[in-house]
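Biologist: Can you walk me through the labels on this one? I'd like to hear the cut-off behind each word before I use it.

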Amino acid sequence: MNFSEPCRLSGLLGRISPDGRCLASCVQYRLIVRDVTTLQLLQLYTCLDQIQYIEWSSDSLFILCAMYKRGIVQVWSLEQPDWHCKIDEGSAGLVASCWSPDGRHILNTTEFHLRITVWSLCTKSVSYIKYPKACQQGIAFTKDGRYMAVAERRDCKDFVSLFVCSDWQLLRHFDTETQDLFGIEWAPNGCVLAVWDTCLEYKILLYSLDGRLLSTYRAYEWSLGIKSIAWSPSSQFLAIGSYDEKVRILNHVTWKKIAEFEHPAMVADTKTVVYKEVEKPPSVETERLSFPPTRALASSLFSTQSKYDISQVPVSFQYIKPVADRANPKMGIGMLAFSSDNCFLATKNDNIPNAVWIWDIQKLKLSVVLEQLCAIQSFQWDPRQPRLAVCTGNSKVYLWSPAGCVSVQVPMEGEFQIVSLCWHPSGDSMALLSKENFCMCYLEREEVK
């Protein structure tokens, strides 16, 4: 592994372009575009205020910068640096902004979710979508970019509208059997839309493209319900994480439960491999010491190294009981993601914050648990192979693959607390983000294979 020099960053706003050539990052009101492999500066843009959100267009030619406090979106072109676009929502305000799949329209959600404004960069025309619902995930596009689903709320009822993205014509409009719709997400094949209810009620509904209700699934009643969902890349499985610390897997034929994954405080199955992160003292030979020490040597001397040991089962994990009288309790399945080959599912139970659970989807069994020294901040699968990258808010990055597990110290002076990461589309590098800096991590070709 090789690491780049650190670069400044604010607001965790670092994004690799969809074509994998560029990396955009923000420092206050400046947008900086670099070459991914060399980090050479390609473009520097100055916005009107501090940037709060950035997003690449699907063809990697434009970058959207949103300044919610000012109600302004600025768009910059990589091909024509002199060209730029400014969208001002004025007194309507701005709470969210995103690209349409064609990379030529911008969807702005106004304050109080009064409407969604669709701005065309080509024709400068404007369209409006009324009554968007204020929920966690209220807009969803199919993977092929042909259709958009929008969650709506009118007359104290929930609805979903389906639009054709090419001309923004309404395709279907139907009400959903939800008390308080919380999110919507298309299956990767674009044939099924998952709609789930508020956390106060466990309910997930599956609709076809023509608005027919295919199935309703409820695991239990009278308790906190769904916390997170994830489709498998093949669209064959829908994983539902809930506040009862379980993941339920639905199949795409009958939409019935085929597996239930529990996350207990003790793992006793001898077929499960538990990797435990342990600290190890820095091992530096005295003849290698030099003064002043090199950057890599200083990093290895003064930072705590770690490695993985395989624990003997049964293994008990640190379990945290949530505070009962506070909103948004830290309990249940807060993160889950399928590997790109559909073979594995990674999950995190917020009651056991230091562990990542990796499930074998072919066997529908727990395969591996990674027990870390610090709480899991983020994890993400390699887009090309079953390899998981994990960060825990320290200066290490952790990689798991079926071949094993490794802990890597980022050689950097000062504090570099990695709280987020994102893979390059090729899977041969990734961006490691801290609150004030980022760096690129390049994997050797042998490691990539």
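Biologist: Let's start with Lys276: what makes it partly exposed?

Modeller: Its relative accessible area is 34%. Buried is under 20%, exposed is over 50%, and partly exposed is whatever lies in between, with a 1.4 Å probe and protein chains only. So 34% puts Lys276 in the middle class. Bear in mind that this is a predicted model: local features need pLDDT of at least 70, side-chain atom pairs count only at pLDDT 80 or more, and totals for chains, interfaces and linings use all residues. Residues are numbered from 1 along each chain as its sequence is written, and side-chain values use heavy atoms, leaving out hydrogens and water.

Biologist: And why are Glu371 and Lys276 called a salt bridge?

Modeller: The label needs a side-chain nitrogen of Lys or Arg within 4 Å of a carboxyl oxygen of Asp or Glu. N to O, this pair is at 3.6 Å, so it passes.

Biologist: What parts does the pair tie together?

Modeller: Glu371 is in strand E34 (residues 365–371) and Lys276 in strand E28 (residues 273–280), so parts 95 residues apart in sequence are tied together. By strand I mean a DSSP run of E with at least two residues; helices are runs of H or I with at least four, and both are numbered from the N terminus. Glu371, at 10% relative accessible area, counts as buried.

Biologist: Which residues make the salt bridge with 2.5 Å between the closest N and O atoms?

Modeller: That's Lys133 with Asp180. Lys133 sits in the loop between strand E14 (126–130) and strand E15 (139–141), and Asp180 in the loop between strand E18 (169–175) and strand E19 (183–186), so this pair links parts 47 residues apart in sequence. Lys133 is buried at 7%, while Asp180 is partly exposed at 36%.

Biologist: What makes Lys157 and Asp175 a salt bridge?

Modeller: Their N to O distance is 3.3 Å, which satisfies the rule. Lys157 belongs to strand E17 (residues 157–164) and Asp175 to strand E18, so the parts they tie together are 18 residues apart in sequence. Lys157 comes out at 41% and Asp175 at 39%, and both values land in the partly exposed class.

Biologist: How many salt bridges does the rule give?

Modeller: The count is 19. There is also a network of salt bridges that links Asp244, Lys246, Arg248, Lys257, Glu260 and Glu262.

Biologist: How many disulfides are counted?

Modeller: Zero. A disulfide is a pair of cysteine sulfur atoms within 2.5 Å. For Cys422, the nearest cysteine sulfur is that of Cys391, 11 Å away.

Biologist: Why is the sulfur of Cys439 not in a bond with the one in Cys441?

Modeller: The two are 7.0 Å apart, too far for a bond, and Cys441 holds the closest cysteine sulfur to that of Cys439. Cys439 is buried at 0% relative accessible area, and Cys422 is buried too, at 16%.

Biologist: On to sheets. What makes E3 and strand E4 a pair?

Modeller: Two strands pair if DSSP finds at least two bridges between them. E3 and E4 (residues 22–27) have three, in the antiparallel sense, so they pass. Ile16 stands opposite Leu23 in E4.

Biologist: What order do the four strands of that open sheet have?

Modeller: E3-E4-E5-E6, with antiparallel pairing. Strand E3 (14–16) and strand E6 (41–46) are at the edges: each has a single partner strand, so one side of each lacks a neighbour in the sheet.

Biologist: A second open sheet of four strands has which order?

Modeller: E7-E8-E9-E10, again with antiparallel pairing. Here strand E7 (53–56) and strand E10 (84–88) stand at the edges. Strand E9 (residues 72–77) pairs with E10 over five bridges, and Ile72 has Asp88 in E10 as its bridge partner.

Biologist: Now the backbone. What is the phi of Trp222 near?

Modeller: Near 60°, a positive value in a residue other than glycine. Most residues other than glycine have a negative phi, and most peptide bonds are trans. Trp222 lies in the loop between strand E22 (213–217) and strand E23 (226–231), and at 82% relative accessible area it is exposed. Asp155 also has a positive phi, near 50°, and counts as exposed at 71%.

Biologist: Which peptide bond is cis?

Modeller: The one from Val313 to Pro314, with omega near 0°. Pro314 is in the loop between strand E29 (305–311) and strand E30 (315–316).
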